[in-house]
Amino acid sequence: MKLAEALAERADATRRVEQLRTRIVSSARHQEGETPPEDAAQLLAEVTEVLGSLEDLIRRINRTNAATDMGEDGTLTDALARRDVLRLRHSVITAAADAAAGTGERGYGRQLRSELVMLAALPVAELRGQADALAREIREIDVRIQRANWEVDLLD
């Protein structure tokens, strides 16, 4: 099985756990004299089985990520960490540029001469350039990660 297939299975199992959790909660209590919509105990047994499989899958994915060499990016785990930090950095830089530009502020421009003038404390154009460069770097590392996901076999 390829790593990408295991990641898809992990996503499916996570969704399945959430669905079962919702069904368990709705069936855990019922009014006297009525029957619950489903057998909560049976659903709990099913979720326990799904969670066991999910844990095994996550362990194998993590083991594979840590063992997969991506050249300059280090291991696949290193590349994933780099991508996550790049995304956070991009978010912060974009938010800073938006705030400095007054994006989303009502009445940013002056109406009367007596009103206060709002000035940008940060170089908006420079920040937008940084955000663009970060977005490009995120796309590039994401492509390398996706390629590895489809090329690498899942470890046992």
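**Close-ups of helices and salt bridges**

**View 1. A salt bridge joins R144 and D73.** In this predicted model, R144 and D73 form a salt bridge, with their closest N and O atoms 2.6 Å apart. This pair ties together distant parts of the chain: R144 sits in helix α4, while D73 is in the loop between α2 and α3, 71 residues away. R144 counts as partly exposed, because its relative accessibility is 29% and partly exposed covers values between 20% and 50%. Some background helps here: side chains of opposite charge can pair when their charged atoms come close. The structure holds 11 salt bridges, and two more of them appear in Views 4 and 5.

**View 2. Helix α4, home of R144, from end to end**. Helix α4 runs over residues 124–151, 28 residues in total. At 1.5 Å a residue it should span 40 Å, and its end C-alpha atoms are 41 Å apart, so the two agree. Look along the helix for its buried residues: L127, A131, L134, A135, I138, I141, I145, A148 and N149. What covers them includes α1 and α3.

**View 3. Helix α2 and what it packs against**. Here's another helix of 28 residues, this time residues 40–67. The expected span is 40 Å and the end C-alpha atoms are 40 Å apart, so the numbers agree. At the start of α2, a side-chain oxygen of D39 comes to within 3.1 Å of the backbone nitrogen of A41. The buried residues of α2 are A40, L43, V47, V50, L54, L57, R60, I61, T64 and N65. They pack against α1 (3–27) and α3 (76–101).

**View 4. R59 meets E55 on helix α2**. These two form a salt bridge, and their closest N and O atoms are 2.5 Å apart. R59 and E55 are 4 residues apart in α2, so about one helical turn separates them. In general, an α-helix has 3.6 residues a turn, so residues three or four places apart point the same way. R59 is partly exposed, with a relative accessible area of 47%; E55 counts as partly exposed too, at 43%.

**View 5. E18 and R21 pair up within helix α1**. The side chains of E18 and R21 meet in a salt bridge, at 2.7 Å from N to O. Both residues lie in α1, 3 residues apart, or about one turn of the helix. E18 is partly exposed, with a relative accessible area of 38%. R21 counts as partly exposed as well, at 44% relative accessibility.

How values were computed:
Residues numbered from 1 in each chain as written. Predicted model: local features only at pLDDT ≥ 70, side-chain atom pairs only at ≥ 80, totals over all residues. Heavy atoms only, no water. Helix = DSSP H or I, 4+ residues; strand = E, 2+ residues; numbered from the N terminus. Expected span 1.5 Å × (residues − 1). Buried < 20%, exposed > 50% of the residue type's maximum accessible area, 1.4 Å probe, protein only. Contact = heavy atoms within 4.5 Å. Polar contact = N/O pair within 3.5 Å; in protein donor to acceptor, adjacent residues only side chain to side chain.
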